[in-house]
Amino acid sequence: MSSSVLDVFTSGEGGYSCFRIPALLRTPSGGYALFAEGRNKSCSDYAPTDIVLKTSANGRVWSNMTVLCPLIGTRRMCSDHDADYGSSAHNPSPLIVGGKVMLVFEDMADSPHTRLTAVRSLDDAAQMWNASALDLTAASGWYARGLIPGAGAAGISLPSGRILLPVHSDHWNSTGGTAAGAGMLISDDNGGSWRTSHGAAAQGNENAVALAPNGSLIMLMRLSSGWKGLSWSHDEGDHWSAPLINRSGGLPMVGASCEGSLLRIPGSPLLIAATPFNPSGSCGGAFRARCNMTTWVSADSGATWQLVARAGVETEDAAYSTLAPFNATHLAVVYERGYAAHTLTWTLVPLPPALVPRLVPENAFPARTSPQTRIAGSR
């Protein structure tokens with residue numbers, strides 16, 4: 001394996017059955033922090049799960065694994081590999097607040113309702129952490145709505161100072177009975193307090209957000225139909241357009257029923273997205289199959305997209321992904337690779353020039369309906 005492709009987490013390490021839901025963040029120190037779910041006893045979504053972390057100064061050498069064990073009151077948020085552990089931590093979603101890393105995650109202590117919990121780093125390299133966590137549940141009725149972070153998505157800061165963190169809910173703006181939606185947690189006081197966006201993209205699920213070059217916000221989200229959807233906000237994340245889908249190709253929406261990741265390249269007009277991609281069915285079955293991790297680029301604030309590069313092997317299983325800047329010529333991608341997410345793999349993919357040739361032949365995509373269709377979808 002080349003020096004630019006590294007397996008950072010491998011199943012069995014530290015006694016964990018598997019590692020899933022990677023969340024990669026460029027830290028204020030200039031290095032990297034990679035968060036993930038460490039699942040106990042099985043790789044099930046319902047297995048007792050801890051939040052684990054490795055850090056690196058350069059992406060080539062990684063630290064030993066840290067298991068984050070913050071206290072919420074007297075309850076410690078890690079399992080010690082106890083199959084009967086009464087709580088579980090999921091969906092690590094990091095962001096930078098006040099020059100330190102803040103990690104928001106889902107606390108499944110009282111499933112099916114979910115609590116939002118946050119813990120802060122004590123240093124700018126995310127190597128030391130506060131012993132206590134914050135329970136974000138009480139504000140704005142989050143507990144009743146079961147809001148969940150964006151499954152490894154990172155938060156962003158806007159020029160105005162507003163901080164956004166992608167979240168989704170089974171019943172946005174209600175205690176139940178209404179459609180699912182993908183929106184934002186918003187802080188206008190440097191993380192001191194948080195609220196939900198006033199609107200959400202209907203039927204949106206796991207989501208990621210970036211600030212587009214034209215000043216709008218763009219959100220990439222998973223839809224239950226198996227496609228990816230895009231939504232835009234023109235008021236700093238308070239309201240979101242209905243999901244837009246392009247079924248004929250050219251957008252990062254064709255492929256597995258799976259989370260996708262999104263990043264604005266710093267100092268560049270380029271938006272980069274990553275998602276599994278299986279238009280030919282080469283990795284078994286319909287286009288929903290999870291394989292062939294692929295990156296896409298937009299140079300026009302998300303209006304059009306082109307395929308850039310394959311991060312993985314076409315026929316190899318690939319699922320959730322996360323993105324971070326690396327240098328002027330390459331982008332860092334970490335993704336679930338191999339059967340049952342055998343590894344969380346770091347790789348570098350080349351960044352294209354501002355004018356990217358179209359690399360995807362029209363017939364590479366399955367024939368579908370009109371190129372652009374606004375949909376309601378279903379979860």
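The following exercises, each with a worked solution, take a first look at the structure shown above.

The structure is a predicted model, in which local features need pLDDT of at least 70 and side-chain atom pairs count only at pLDDT 80 or more, while totals for chains, interfaces and linings use all residues. Residues are numbered from 1 along each chain as its sequence is written, and side-chain values use heavy atoms, with hydrogens and water left out.

**Exercise 1. The disulfides**

Find how many disulfides there are, and describe the link of Cys18 and Cys43.

Solution. Begin with the rule, by which a disulfide is a pair of cysteine sulfur atoms within 2.5 Å; chemically, a disulfide is a covalent bond between the sulfur atoms of two cysteines. The count by this rule is 2 disulfides.

Next, take Cys18 and Cys43, whose sulfur atoms lie 2.0 Å apart. The angle about their S-S bond is 90°, and the link is right-handed. To place the two ends, recall that strands (E, at least two residues) and helices (H or I, at least four) are DSSP runs, numbered from the N terminus. Cys18 belongs to strand β2 (residues 18-26), whereas Cys43 is in the loop between β3 (32-39) and β4 (49-56), so that the pair links distant parts of the chain, 25 residues apart.

Then compare accessibility, where buried means under 20% relative accessible area, exposed over 50%, and partly exposed in between (1.4 Å probe, protein chains only). Cys18 is buried because its relative accessibility is 1%, while Cys43, at 27%, counts as partly exposed.

Finally, treat the link of Cys69 and Cys78 in the same way: the S to S distance is 2.1 Å, and with 110° about the S-S bond this link is right-handed. Cys69 is partly exposed because its relative accessibility is 25%, and Cys78 is buried because its relative accessible area is 15%.

**Exercise 2. A serine beside the disulfide**

Describe the surroundings of Ser42, starting from its place in the chain.

Solution. Ser42 is located in the loop between β3 and β4, and its relative accessible area of 29% makes it partly exposed. Although Ser42 and Cys18 are 24 residues apart along the chain, their C-alpha atoms are separated by 7.3 Å. If residues up to four places away in sequence are not counted, Ser42 touches Ser17 and Ala47, where contact means heavy atoms within 4.5 Å. In addition, the Ser42 side chain reaches the backbone nitrogen of Ser44 at 3.2 Å.

**Exercise 3. The nonpolar core**

Which residues in the largest nonpolar core touch the most other members?

Solution. A nonpolar core is a set of buried Ala, Val, Leu, Ile, Met, Phe, Trp, Tyr and Cys residues joined through side-chain atoms within 4.5 Å. The largest one has 18 residues, and those touching the most other members are Phe35, Leu68, Leu103, Phe105 and Trp129. Two or more residues come from each of β2, β3, β4 and β9 (100-107), and β9 gives the most, with 3 residues. Leu103 can serve as an example: leaving out residues up to four places away in sequence, its contacts include Phe35, Ile51, Leu68 and Trp129.

**Exercise 4. Rings around Tyr32**

Classify the ring pair of Tyr32 and Phe326, and then the ring pair of Tyr32 and Trp346.

Solution. Rings of Phe, Tyr and Trp (its six-membered ring) pair if their centres lie within 6.5 Å; planes under 30 degrees apart count as stacked, over 60 as edge-to-face and the rest as tilted. The structure holds 8 such aromatic pairs. For Tyr32 and Phe326, the centres are 6.5 Å apart and the planes are at 20°, so this pair is stacked. Tyr32 is in strand β3 and Phe326 in the loop between β26 (318-325) and β27 (330-337), which places them 294 residues apart.

For Tyr32 and Trp346, the centres are 5.2 Å apart and the planes are at 80°, so this pair is edge-to-face. Trp346 lies in strand β28 (residues 343-350), 314 residues from Tyr32, and both Tyr32 and Trp346 are buried. As a last step, note that ring pairs link Tyr32, Trp62, Phe326 and Trp346 into a cluster.

Note on methods. Polar contact = N/O pair within 3.5 Å; in protein donor to acceptor, adjacent residues only side chain to side chain.
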